[in-house]
Amino acid sequence: MQIWLLVSVSNLLKEAEAELARSEHARKISDAITTISRDGLDLVTTSYSDPETATKDFSNDPVYRDLIARVSNDFDKLDKLTAEDPAIRKSVADSKKAARETLQNLLQIQASKRRAGNAEHGLQEELWRKTRKSLGPMLYNQELLMIGEEQRKLAERSPQMQSVYREQEQKLLIGMGIFDLLVAIFGALLFARAITLRLERMADNTVRFASGLPLYPVAKGSDEIPMLDAAFHQMASELRIAARKEKAVLANARDLICSLDENGRIVQINPAGMELLAMTESELSGRYVIDLVDSEDASKTLAYMESLKSANRNPGPVEYLEIKMRTGTGGTVHVEWSGHWSNEENLFFIVVHDVSERIRAEALRRDVMAMITHDLKTPLMTIVNILHFFDRGVHAKFEEEGTKLVKSASRSADRMMVLISDMLDLEKINAGMMELDLEDVALQECFLAAREDTEELAREKGITINMNETDIALTCDERRISRVLNNLISNAIKFSPRGSAIDISAKLQGNFAYVCVKDRGEGVPEHMQEAIFDRYRQVKAADSAKKGGTGLGLAICKSIVELHGGKVWVKSEPGEGSEFTFTLPAENASLEGDE
């Protein structure tokens, strides 16, 4: 329709332009005919007004000659204007012929006048008669006058035709504009309805998805809405799968998982929680969780829940909560809480882990420790003392082979005593029961004590202990720092090759004293340089059998150093030995001899 409109408007414009051109052409023809009549009339008027002036000589009159030229030019213009119209051209040709005859006669009259004046008066009279005869067709050619009148009327009619064309063009544009508007409104309504229906269906899908109902099929089409709907269906499918997995996780979790409202009432709880508390979902749903907590732990539980809210406002670590909870059977269960408060959901999310077995294991461990302390350590100490007596030759004498067996038994008993002492010390440290006996100590004394305790072991392996003397004095527990040095030196001896050396040194740097024990052993791999300070960890599992030891020595060193406020670490390159360093606070440290 737009193309048809453009073609129609173009045609109307062409018609208007053609009409304008025809009008202009007609006006020129009408003006040319009028000019010929006027100039011809002026020529005749100038030539003669009556018979008495007919013999007057105008041959040298410039006005007269100009009139003759103008008439000739007028006919030439009209001839060009009517070149493409045969009907008009014939009338123009007749008038032009009469004008030519008239001009010829006038020229002959002027020529006669120049030759003999009035002597050829008779000839001149004859020529004048012919001239008057040809003037009629020249000046009063009815066909040419009618053509001029028609052309004038045609030129006068042109503005009306132009107005008609403009009116038609305007009507066409208005009509087409109204048509376009109606089509646009209809198309917009149709398009909007198609979009609205599909969007409403998508909106219904969101409601159905939230309600757990099946979704409508994916919208048809190739535009963005079906793509969006397909993406929504895929998202809904993935969310359903995730929800099923989440439910499966909650349903199969071994820990109690629940959500609580801001007042502490149970909103949702998983099957493991019902099993742990020996209650049904109906008994637990909507119940205040504080009612399930042992009365001794109620205030601690409320404070923990408040700390969860505070941690959400001011992020930071929140400790675990260890309490007792009452069960439906009337008993109690030891549990450990870890929780989170969500401002978005306005809910607590709590994971409750049953630690009853751990509590029982800890009680059993304490019983074992007590048994080791009272039932094992005392008789073992007696055995150690007796073996030491035998080794020194007190109360009994042995042959060479017997002496060797006694020494071997004595070393084994000593290792058992060290192991028992290590286990008891670790238990005290973990229980927070180890207290340090702080006093002003010269590190040199600790060095000497440690070297004395390990000297026999070093001599057996042919290892030299190089001790760089130090005059540093600081506040610490001398007996336990000596033990740290003893453990580090013993560890270095076990893992050093025969005939090598061990270096012991100390230095003051800032607010700490740095104590270093360096060996020439195999070294510690980088991935094990932190793990070896954990309990029962050694670089190689076979080291326990080959070198002896239980992997507790470095763990005890770390605990004792940290109790003093220091740190311990190792630097090592494979095949180049290890350098164990520990620090001790030295705010009040001094060099011996300083005031």
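Colleague: Which residues is F582 in contact with, leaving aside its neighbours within four places in sequence?

Modeller: In this predicted model, F582 is in contact with V484, L485, L488, A513, Y514, V515, V561, K567 and V568, once neighbours within four places in sequence are left aside.

Colleague: What makes the set around F582 a nonpolar core?

Modeller: The term requires buried residues of nonpolar kinds joined through side-chain atoms within 4.5 Å. The largest such core has 42 residues, and L485, L488, I532 and F582 touch the most other members. Helix α13 (residues 478–494) supplies the largest share of this core, 7 residues. A second, separate core of 26 residues includes L260, I269, M274 and W341. In soluble globular proteins, nonpolar side chains tend to be buried together.

Colleague: Turning to charged pairs, how many salt bridges does the structure hold?

Modeller: The structure holds 9 salt bridges.

Colleague: Why is the pair E336 and R358 called a salt bridge?

Modeller: The side chains of E336 and R358 meet at 3.6 Å, N to O, and the cut-off is 4 Å, so the pair qualifies. E336 lies in strand β4 (residues 332–342) and R358 in helix α10 (residues 356–391), so the bridge ties together parts 22 residues apart in sequence.

Colleague: Why are E336 and R358 called partly exposed?

Modeller: Buried means under 20% relative accessible area and exposed means over 50%. E336 has 21% relative accessibility, so this residue counts as partly exposed. R358, at 32%, counts as partly exposed by the same limits.

Colleague: What makes E362 and R358 a salt bridge, and how are they placed in helix α10?

Modeller: The side chains of E362 and R358 meet at 3.5 Å, N to O, which is within the 4 Å limit, so this pair is also a salt bridge. The two residues are 4 residues apart in helix α10, and are therefore separated by about one helical turn. E362 has 25% relative accessibility and counts as partly exposed.

Colleague: How do you know that D503 and R520 form a salt bridge, and which parts of the chain does the pair link?

Modeller: The side chains of D503 and R520 meet at 2.8 Å, N to O; the limit is 4 Å, so the pair meets the definition. D503 is in strand β9 (residues 501–509), while R520 is in the loop between β10 (512–518) and α14 (543–547), and the pair links these distant parts, 17 residues apart. D503, at 21% relative accessibility, counts as partly exposed, and R520 does so at 37%.

Colleague: Which residues are joined into one network by salt bridges that share partners?

Modeller: That network joins E322, E336, R358 and E362.

Note on methods:
Residues are numbered from 1 along each chain as its sequence is written. This is a predicted model: local features need pLDDT of at least 70, side-chain atom pairs count only at pLDDT 80 or more; totals for chains, interfaces and linings use all residues. Side-chain values use heavy atoms; hydrogens and water are left out. Buried means under 20% relative accessible area, exposed over 50%, partly exposed in between (1.4 Å probe, protein chains only). Contact means heavy atoms within 4.5 Å.
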